[in-house]
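Colleague: I have just opened this model on my screen and would love a close look at one part of it. Could you pick a single buried serine, tell me how it sits, and then walk me outward from there?

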Amino acid sequence: MASAPTTYAKMEEVGTGPHAGTAPTSARCAACSSCSVCRASVGAGVIVAGIVAAVVVVTLFSGSGAAEGECAWDNYRLPGWITPTGYSVQWTPSMSAGGPLTGTVVMNAKVAAGGLGCVIMHSQGFAFDEVVYTWTPKDSDSVQTATVKTSDVIFRPANQQVAIPLGQRLARGDSISMTIRFRGKMSSTLNGMYISQGVNEATGQPTDPVVVTQFEATYARKAFPCLDEPEFKATFDISLKDIPAGLTALSNMPIKSQVASANGEVVTFNFERSVPMSTYLVAIVVGRFTATWGTYISPLDASRRVNVSVWAPPGNENRLNFALNAARKSLAEYESSFNVAFPLPEMKMAAIESFAAGAMENWGLVTYRLTALLADPAEASQASLERVAVVVAHELAHQWFGNLVTTAFWNQLFLNEGFATLFEYLGTNASNPEFDVWSEFLDNDVHKAMRIDDLAAVSPLVNPNVDSSGAVESSFNDVAYAKGGSVLRMLWKFMDSSPLTQGGGADDDAGGDDAGEPAGSAFFGGLNAYLTRYQYSVATADQLFYELADFSGWDDLAPNMATWSKQPGVPLVMFAWENGDNTDPSVTSGNLCISQRRLWRSPYSRQLAGDGEFGNDQLYWIPLDITMRHPKGSAARKVATRLVNGGGFSNATYTCFAHDTLVQGFVKANANSYGYYRTAYPASVWTDIRAAVNASTTTDGEPIFGAQDRAGLLDDILTVAETQADAPDPDSSSLRASVEPATSTSFATALDYMKTLRTEPEYTVWRSALTHISRISANIYPQATPGSNGNAPDPSTVPCVGEFNDYATYIMTPVVAAIGSMWGNASVSVSAKDVVLPADAPPEAASILARWRSSSTVDPAVRDAAIIGTAASLGFPTVVQRCNDLWRSGVKNIDPNYLGAVASSYVANGGYNGWEEVRAAYEAESEAYSKNLLLRALASATEPAVIKMTLNYTMSAAVDQQDKTTVLSGVASNPAARALAWKFITQDDVWNELEDLYGSGGFGWSSLIKSMASHFVTDAWFNEATAFFKGADLDAGASDAAQALEIVKSNVVLRQTLQDTGCPWLATWDA
């Protein structure tokens, strides 16, 4: 924040602790309560109980004059001159889109800075009809009243703020109660307070309108004037006036009273006072709903029952109970794990038809998309059920991490979203252990984060550059969610396995079970201290790490974790022969040296970073472990795993040690892939690792490497080869150069390593494999040139396309054969035990099938459907034919687990008729998740005319606002359609409409900006996209555009690498 304006040079300065920087800062100290200065400056828990009502009629008028000097403030952040303690908000919402929204807000606050002469608040899109305030001097019971001339009220739309001059100066510690009567309109976008309305599939008519709020991150100000930043927590008394009789009204707290009008046509709902919370967590929902209720018994107090309910549009009665049970079990698990009770009397969850995000964690009233809350096990796919369980668990984890303790500002969003991402697995494992969700963490989150964290246009977990609404919206990204969760999981596993921490060291291998048993856990004990200390307040990353350090006794925890929170990037740990050739598999012995560097997606990214804020040579504290096999060739699993130094390393180079692969076998780091880092090895070590992966089993019947290790190894070798991340560093010192790789990992080595997939049974590994197969396939697919008609050339005429397709088919043939030929029929239940391999099936298929038959996996359909989807895109004839046959049997006859794959294949291969059939099925489908799959399938079209149909259809009224960016992103990701998608999206009329709908930010806008450009693979397209983005007003999408351009440059590098080493190998490889 900028320094305080000179107008307030004589104000009493307070708060020189961690929140200092803008005078005065006592509000920040009140939220902090951690440093001695803050604790001494402001008392905690002061709430003004009385409200003196006064009605003064004023004229709406924006003025200036003397008031401007008193209210001088030009900063996106609020100054912190007052600390709100409670709001009373009464709304009269309209039940029609764009209709009037009127209300009255009474804000009670403490003056946090001596000499206060002006109140700065957030307000967006409102006119003020009345402004009056009362104040009570410190240590006095005298209440005085004053009015504010509206000619002196200053509206500052650029910062979404309003300045209200008081006409006098109040002293620090005084109490103020400000009443504002305001008027505006219901929001036309899916944030603020807006109308949600869908379409009835049976009648084609609009469904009943629903009033809904979405205030995160900066949209409470679109619903009422307030201090709309996370640190300004207060209680809320909510009232809804003139609600049509017969409608349900929900808010964060239970209904206190409801009063009907004299004629009974409208009702006023009054809700109980909330606990102190941030403005973005306030929520209301008004409409027609069906509901179900249940309770859970608090594991911390057997006498306490907490009410849980699920609300949805009528007609969804059979789709409520699954989410209800998931919520009950997740909440109980969190109480037990965190040892902190859920503090509210009830937990409500509401399904909304038009909703921009997947869900929103409003305290006590979580709102969801239909697909994220509603599922009937009798009709839903496993993927649909798992999504509901995971999203419910994510949002309920926020009730502690985000709601009870809130990030001090959006620049440290991982304190909310990183924890919720990590603990969604804990909650889902408690509610539905059969989903085995912990096995999905690696690809869902660790690899997902790494695939963006290797760019220069990425921010650290604690981002110093969040200074606008657009920057706030951009903070909701894979760094905050996926990297935040991954780094926290790494810390958890280290703290609970290291002898450096109290409660650690019990399992030197860090275990293979993420289910989480917090009893005796240093990590969970520290989290309890964190939640207890900062409950109903806000916290910073430093404060989290200090609490964990204090509880565990690990003195270096905070400075070590600062290398992760305060700088961006993912490290690459390299094993290299000292002064040796790392690409020569005949070099098998010598001094094996360990070093680290930041991994870059391409030389272009490294160059950009060198000119940027963080530079390009970051070092990280890495909790390194090394596993070795002794002796090589032993049938038994004889491995030794240790934490290097008991606590990791943070230098550029760590150590060298003598090693002979012919005698000692493999060397591998990052057991169970718990660490947030990638690894690279010499060719001879990769050879030994591959041999261990290919080995059937050890004497205990288990593979030498578990599925998490195999998935990590596969993703590492392919990523390092694709990016050439371990190429010689021209800037290295001579000492460092001697222990770094002298040559980079060959793409041929990585492609050859993919042969291990011929015997791979685990979906954990195949998830990573399918990602890379799709990436490589898309990269070599021919591309139209900028300025052309957008039609892609015939892929059969382009070198290497057919060769890679043949190789990918070779890799996948055994696993596809093991799936069998009877998949996808809703009325026929087929398990691995029912599969009969054809006579021409490769022998590896029998090995895979044997593993599946001995597996405890309840429903392998998610695995099989993903594999089938990729096989169909590669053109497996039997798979494509099966998809065609299933579709023609009717949508209701298709197993919902396979619906997305079947419909996508049918669109891709069916031309106009196939597209039209899937479109009609989409419009007729009533089950939300299946409907979404059918819509996404339309993006798979491959014929130019049909691709254009998809694009035009997406922008029509037939596709809901919440779904348009999903389809457009899907088309832009389609190798056959990316140029046509770009040409369509960048048309002035389309782009302007998209900006109006989504330009303020959000997941949809972010995904669209990134997808529309990031799949291009030539410098010509890089120049085209650069020119367009430079002339566009991107605001919240600026960082996404920068990342997209970097990805294009990395695609250019990958394309060249494939041509230089990959394609020659593909032309001559030997099975």
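Modeller: Happy to. Let's take Ser552, which counts as buried because its relative accessibility is 1%, and the cut-off for that word is under 20%. Please keep in mind as we go that this is a predicted model. Ser552 belongs to helix α12, which covers residues 541-552. A polar atom of the Ser552 side chain lies 3.3 Å from the backbone nitrogen of Trp554. So for Ser552 you can picture a serine counted as buried at 1% relative accessibility, with its side chain in a polar contact to the backbone of Trp554.

A second serine makes a good companion. Ser684 sits in helix α16, residues 683-694, and with a relative accessibility of 3% it is also classed as buried. Here the polar partner is a side chain: Ser684 and Trp577 are joined by a polar contact of 3.5 Å between their side chains. If you set aside the neighbours within four places in sequence, Ser684 touches Trp577, Pro585, Val587, Thr588 and Thr661. Another distance you can check on screen is the one to Gly665, which is 19 residues from Ser684 in sequence and 9.7 Å from it in space, C-alpha to C-alpha.

It may help to step back for a moment. Of the 1071 residues in the protein, 61% are buried, and the secondary structure comes to 33 helices and 29 strands. Taking contacts between residues at least 6 apart in sequence, 73% join residues at least 24 apart.

Now for some aromatic rings. The structure holds 62 aromatic pairs. One of them is Trp293 with Trp311, an edge-to-face pair with 5.5 Å from centre to centre and 80 degrees between the planes. Trp293 comes from strand β16 (residues 290-297) and Trp311 from strand β17 (residues 305-312), so the pair links parts of the chain 18 residues apart. The two rings differ in setting: Trp293 is exposed, with a relative accessible area of 58%, whereas Trp311, at 11%, is counted as buried. Compare that with Tyr334 and Phe338, whose ring centres are 5.4 Å apart and whose planes meet at 5 degrees, which makes the pair stacked. Tyr334 and Phe338 share helix α4 (residues 321-338), where four residues, about one turn of the helix, separate them. Both Tyr334 and Phe338 are buried.

Keep following the chain past α4 and you come to Asn339, in the loop between α4 and β18. The phi of Asn339 is near 55 degrees, a positive value in a residue that is not glycine. Most residues other than glycine have a negative phi, and most peptide bonds are trans. Asn339 is partly exposed, at 48% relative accessible area. Asp436 is another such case, with a positive phi of about 50 degrees, and its place is the loop between α7 (414-431) and α8 (441-453). Asp436 is partly exposed too, at 44%. As for the peptide bonds, the one from Glu216 to Ala217 is cis, with omega near 5 degrees. Ala217 lies in the loop between β10 (210-214) and β11 (235-244).

On the far side of the Asn339 loop, strand β18 (residues 346-352) holds Glu346. Although glutamate is a charged residue by class, Glu346 counts as buried, at 17% relative accessibility. The side chains of Glu346 and Lys348 are joined by a polar contact of 2.7 Å. Beyond its neighbours within four places in sequence, Glu346 is in contact with Met253, Pro254, Val306, Asn307 and Gly364.

Let me finish with two helices that pack together. Helix α14 (residues 603-610) meets helix α33 (residues 1038-1068) at an angle of about 140 degrees, with the axes 8 Å apart. The two are therefore oblique to each other. On the α14 side the contact uses Pro603, Tyr604, Ser605 and Leu608, and on the α33 side Glu1046, Lys1049 and Val1053. Sorted by class, that contact has four nonpolar, one polar and two charged residues.

Notes. Residues numbered from 1 in each chain as written. Predicted model: local features only at pLDDT ≥ 70, side-chain atom pairs only at ≥ 80, totals over all residues. Heavy atoms only, no water. Axes fitted to C-alpha atoms, helices over the stretch in contact; angles between N-to-C directions. Parallel < 35°, antiparallel > 145°, perpendicular 65-115°, else oblique. Contact = heavy atoms within 4.5 Å. Buried < 20%, exposed > 50% of the residue type's maximum accessible area, 1.4 Å probe, protein only. Polar contact = N/O pair within 3.5 Å; in protein donor to acceptor, adjacent residues only side chain to side chain. Phe/Tyr/Trp six-rings, centres within 6.5 Å; stacked < 30°, edge-to-face > 60°.
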